[in-house]
Every structure is written in structure tokens, then in C-alpha cells.
Amino acid sequence: MTTAVMPSGDAKLEVRNLGKSYMKDDRGIEVLRDVCFSIADGEFVSIVGASGCGKTTLLRLLDGLIPPSSGAIYLDGRPIEGPGYGRALVFQQDRLLPWRNVLSNVGFGPEIQRRNGKAERERAARYVDLVGLRGFERHYPHELSGGMRQRVNLARALNAEPEVLLLDEPFASLDAQTREIMQAELLRITAEAKKTAIFVTHQIDEAVYLSDRVLVFTVRPGRLKEEVKIDLPRPRQLAVKRTPEFVSYTDHIWQLIEQEVREAIGLEAREAAALHA
Amino acid sequence: MPDAVQVAQPRVEQRRRRMRIRLSGGLVRGAVSVLAAGALWEIAGRTFLNNPLFFAPLSAVLDKMGELWASGDLQVDIAVSFEEFIIGFILASIAGIGIGVVMASSKALCQYIDPWVSMLYATPFVAVAPLLVLWLGIGLAAHVAVVFIVVVFPVLINTYSGLANSDRDLIEVARSFGADQIQIFSKIRFPGALPFIVAGLRQGVARGLVGVVVAELFGSHAGLGYLILISGQEFDAAGLFVGILLFALAGIGVVEIVRVIERRIAPWRAQDGRS
């Protein structure tokens, strides 16, 4: 269970010595420092850590929305230089376009790529079906519940046909029951669509339930603290969450994070004090 | 699995039905209110306001309207005013949206244009109307120009602020899918600004109708403003009210048309707005 960098070559996605800093109120803030990991094709990896450990920043770097301050990210051995090719981001808030119906929101990715053929429309309809929203193609986002909107958000990302799916706490705003259902759904969908997935969350049980591996991050500057391989059989039912193996995984990860959370609280207090000084 | 899905369906339906009922209830009350006001008008005109120099009961106004219609004058007046309004309104909408887009897409151009917009928007347009009549003569050109000037600013300002307040989160979605600047504008910023633009058009309608009257009052040969002007000079209260009534109806009609358009292009907003 130690930090290890897989040899490059067979990795789908490889992150090498990644660092990110930015300026805020004339103070430099180092968000990520020297992050290294790789992800194999078809693997489901979660990233957990105390709030402020740079999880969302890491995802935005992987998507290419922001450039790294140091280091590099390789997809199939090619460096990532911007958004687009091979990746799609499932946003924390659903961020659907309110003036487009479900089908048209799901078709947004291919439309941006200027692919508007019959095949694209049929594929969009298939993904609407895959996320369980058949019959809602013509509904507008304001007519849907929060869980349904997140399904559209997921379908929109899948329909861009990414090789790596990036998910930024997509179930954080859902109620506990809906979240459980959506977790099971996500497992089914990523298995069916055979996607590599990177899932950011602060819910430990969610990370263990979904993942092949969980990467635990330290507080700012975020670094890889430990990687935990999850050896639970697949396909996983929700009942797996009550097994002793599952609980020992979550306990172990919680212990890793607890110390970080305490440090994060201390860090926040010190920052607040510095701001008032 | 699709439990959540099946539960949500009737909820949407229910909400739609409730909205329809509320709408028809509102329609009935609105009609009652208008009819009651009409009756009050008639009674007032026949009793304590019984002086044809200053006031006319509703029936006399309708009689006068029939008379003007039979003579063919009213159709000419309506056609003239409508033409002035519609030409000025369409030109102002195109220019207002165009300039708003230009201002939103270039900070430098915006800074060049901004002082003029602020200055002209604050100028009482009634002060400009006689000048335009002086320059362009009595007729279509001057009246269209007045309508143009009063309509263009609300459209321009709303277009600009709609585009300036684009949703950054949605722009990021587009960027994430690899959109270029033109796509971000055409697929995120412009559709997002449409409700603002339509709101600007709605303000423009109200101001444009006032513009028609004022322009015609400063000099004209025909039009509803001309009818009001002549009737006023002849102490013909019924004729005055014909003009006023027709303007009011035109205002309601056009605002209603704009609202239908608004509901079509921005159903997610129309729902929380007035129904």
C-alpha cells in the first residue's frame, strides 16, 4: 500500500510530477505538489482527501481546463494540452443548458465537435436510455429532479465518447437514498460502456464501493499520501457495503484522512488569523 | 432502479395542470375588472362628467370609432401609425442587438460606445423629437426616427447586460467539450442572453408606442397621434378617447405577443415569472 508509479507504457493516463500554484489576494497558494500516479485502461479510481486538498483542481487539470504549473499529464502517451480529446468531465453541479431539452443537452458534445449526423442523434438517444431516462428526451432541465439532472449530466459526458471519464463529486448534492441508487447505476453504466473513470469524492464509502483503487491525498499542498487497492469482487451489489472487508477498507482510509482533516481545520484557522492580522 | 423517474413524471404533469387553472382564473378576474371599469366609465360619462367638451361615455367613444371607421379615416390613421411603429421597432431591434453584441465582445469598443449610450439614454427623448421633425420633415422618416431612438436603447442595454452576465459555469462546460470562442458565443452566451433581449424588446414596445404619439403630436398629416392632436384642438373628447383607447389596445396586444415569444424561448424563466 505504498505510493508507487507504474512503469509508463501500459498506462491509459499518466500523471508525472504534477504541481499547481496560483495567486490569491497577492499570496501564492500551492494547491498540488509533485503528484504522480497512473491509471490503467478500464480502471475505476477514486480520489479522496480533506476539503482543500486540490481534488477539484486535479480534475480540472486532467480535463485540460487549466494548465499545470509544473509536471505533465499523458493520455495514451500523448501530453494533454487542453480540453477535448479523450476526456469528458461530469460536473459537480449538473450545469445543464436550461434552454435545451434532455436529448439536446446530451447531444452537446458531438455538436461542439461538429458531428451532427443521424448516427450521433441515435447515439445520444441510446445514452439517454442507458442512464434510465427514456421517455424524458423532450423534457427541459427545470422539469427534472436533481437525480435525473445528474443522469443527464452523466449521459452528456458519456456521449462525447471519452476514453477517460472524469467525475467531480457528481452525487454530492443528492439526498442519501438517491446517491446510493446513483452509485449502483454508475457502476452498471461504466461497466457497460467500458470506461476508465476518475472519481473525486469526500465520501469514503462511495470511493470504496465504486473503485478498483482509492488515492488518498494530503491537505494543501495536495500530495498523494497513499493508494489503497480495493479487492472486492465485481459486479458489486449495494449489500457489499455491509461486509467486514468493506468496513475495514473504509476504516483504514478514514484513519488516513482523519489526521489530514484535523490539519486542514488547523490550516483554515491559521489562514483566518493571518487574514485578520 | 427508475423509481425516481416514475415519481417525477406525474409531478411535472400536476404542475402544468395547476398553472393552467391559475391562468384561466386570472383571465376571468381580468375580464371582470375590465368590464366593471367600462361600466363605471359609461355611468360617469352620463352623470357627473356629462360634458362632451371634456369627457365622453364609452358608448359615445364607440359611436365615434364606428363613424371614423365608416369614413375610412380610422383605417388610414391606424395603418400610418402601425407602419411608423413597426419600421422603427424592427430597425431599432436589429441595431440594438447588433450594438449590444459588439459591446459585449470587445472591451475597447464598449468603452468607446458606453459614454454615448449613457448620455443618449438619459436624454429625455421628447427633447429630441422636434429636432428630428425639423431635420427630416413631417412624415414617415421623422416618426420612424423617433421610434428608433426610443426603442434602440432598452434593447441595446438589455442585450449587453445579458451577454455581460453570461454563466461562467456553462461557458466552462462548453470549453470542457472543446468549444471555440464562436461556439461559446452562439451556443452559450447568446441563448443565455435571449431572455434579457426579449425583456428589452418588451420595454421597447411600450416606449415605441409612446414615441409614435409624441412624434405625431410634433407634426403629422395622419396617424392615431394626429387624431388625438386634431380632436384635442377641436374639443372633441370622444375622438381623443378613440385614439387613446386604440393605443392602449395596441400596447396590450404587442406586449402579449412578446410574452408568448418569451415563454417559447425561455420556458424555464417564464414559469417563475408572471403568468
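These are my notebook entries on a predicted model with chains A and B.

**Entry 1: confidence in chain A**

I began with the confidence scores, and chain A averages a pLDDT of 86, with 96% of the residues scoring at least 70. I then looked for a weak stretch and found that pLDDT stays under 50 over residues 1–7 of chain A, a segment for which the model has 10 contacts beyond four places in sequence.

**Entry 2: the four-stranded sheet of chain A**

I traced an open sheet of four strands in chain A, which has the order β2-β1-β4-β5 and antiparallel pairing. At its edges I found β2(A) and β5(A), the latter covering residues 78–79, and each of these pairs on one side only. I noted next that helix α1(A), residues 55–63, packs on this sheet and touches β1, β2 and β4 of chain A, while its direction makes about 65° with that of β2(A).

I followed the pairing of β1(A), residues 11–24, with β2(A), residues 27–40, and the two strands are antiparallel over 10 bridges. To fix the register I looked up individual partners: Ala11(A) stands opposite Ala40(A), Leu18(A) is placed opposite Val35(A), and Met23(A) faces Gly28(A) across the pair. The hairpin made by these strands has two residues between them, and within it Asp25(A) takes a positive phi near 50°.

I then turned to the pairing of β1(A) with β4(A), residues 70–75, which is also antiparallel and runs over five bridges. Here Gly19(A) stands opposite Ser70(A) of β4(A).

**Entry 3: the six-stranded sheet of chain A**

I traced an open sheet of six strands in the order β6-β7-β8-β3-β9-β10 of chain A, and its pairing is mixed. β6(A), residues 87–90, and β10(A), residues 224–229, stand at the edges with a single partner strand each, so one side of each is left without a neighbour in the sheet. I also noted the twist: neighbouring strands of this sheet are turned by 20° against each other on average, direction ignored.

Inside the sheet I looked at β7(A) and β8(A), which run parallel and are joined by five bridges. In this pair, Leu166(A) has Ile198(A) of β8(A) as its bridge partner. Helix α5(A) packs on the sheet, where it touches β6 and β7 of chain A, and its direction makes about 175° with that of β6(A).

**Entry 4: helix α6 of chain A**

I checked the span of α6(A), which has 18 residues (176–193) and reaches 25 Å from its first C-alpha to its last, close to the 26 Å expected at 1.5 Å a residue. I listed its buried residues as Met182(A), Gln183(A), Glu185(A), Leu186(A), Leu187(A), Ile189(A) and Thr190(A). When reading such a list I keep in mind that an α-helix has 3.6 residues a turn, so residues three or four places apart point the same way.

I then asked myself what covers the buried residues of α6(A). The cover includes strands β3 (44–48), β7 (164–168) and β8 (196–200) of chain A, together with helices α4 (118–130), α5 (146–159) and α7 (204–210) of chain A. Following α6(A) I found Lys194(A), whose phi is positive, near 50°.

**Entry 5: Leu133 of chain A**

I looked up Leu133(A), which lies in the loop between α4 and α5 of chain A, and asked whether Leu133(A) counts as buried or exposed. Leu133(A) counts as buried because it has 22 C-beta neighbours inside 10 Å, where the cut-off is 20 or more. Leu133(A) and Met148(A) are 15 residues apart in sequence, and their C-alpha atoms are 7.5 Å apart in space.

**Entry 6: chain B and its contact with chain A**

I counted the elements of chain B and found 11 helices and zero strands. Buried residues make up 35% of the 275 residues in chain B. Among the contacts in chain B with a separation of 6 or more, 72% are between residues 24 or more positions apart.

I ended with the contact between the chains, which takes 28 residues from chain A and 22 residues from chain B. On the side of chain B, helices α1 (3–46), α7 (168–176), α8 (181–217) and α11 (267–270) each supply at least two residues. I noted that α7(B) gives the largest share of this side, seven residues. By residue type, the side of chain B that touches chain A divides into 15 nonpolar, four polar and three charged residues.

Note on methods
Residues numbered from 1 in each chain as written. Chains lettered and ligands numbered in written order. Predicted model: local features only at pLDDT ≥ 70, side-chain atom pairs only at ≥ 80, totals over all residues. Contact = placed C-beta atoms within 7 Å. Nonpolar A, V, L, I, M, F, W, Y, C, P; charged D, E, K, R; others polar. pLDDT = per-residue confidence, 0-100. Expected span 1.5 Å × (residues − 1). Buried ≥ 20, exposed ≤ 12 C-beta atoms within 10 Å, placed from the backbone. Pairing = 2+ DSSP bridges. Axes fitted to C-alpha atoms, helices over the stretch in contact; angles between N-to-C directions.
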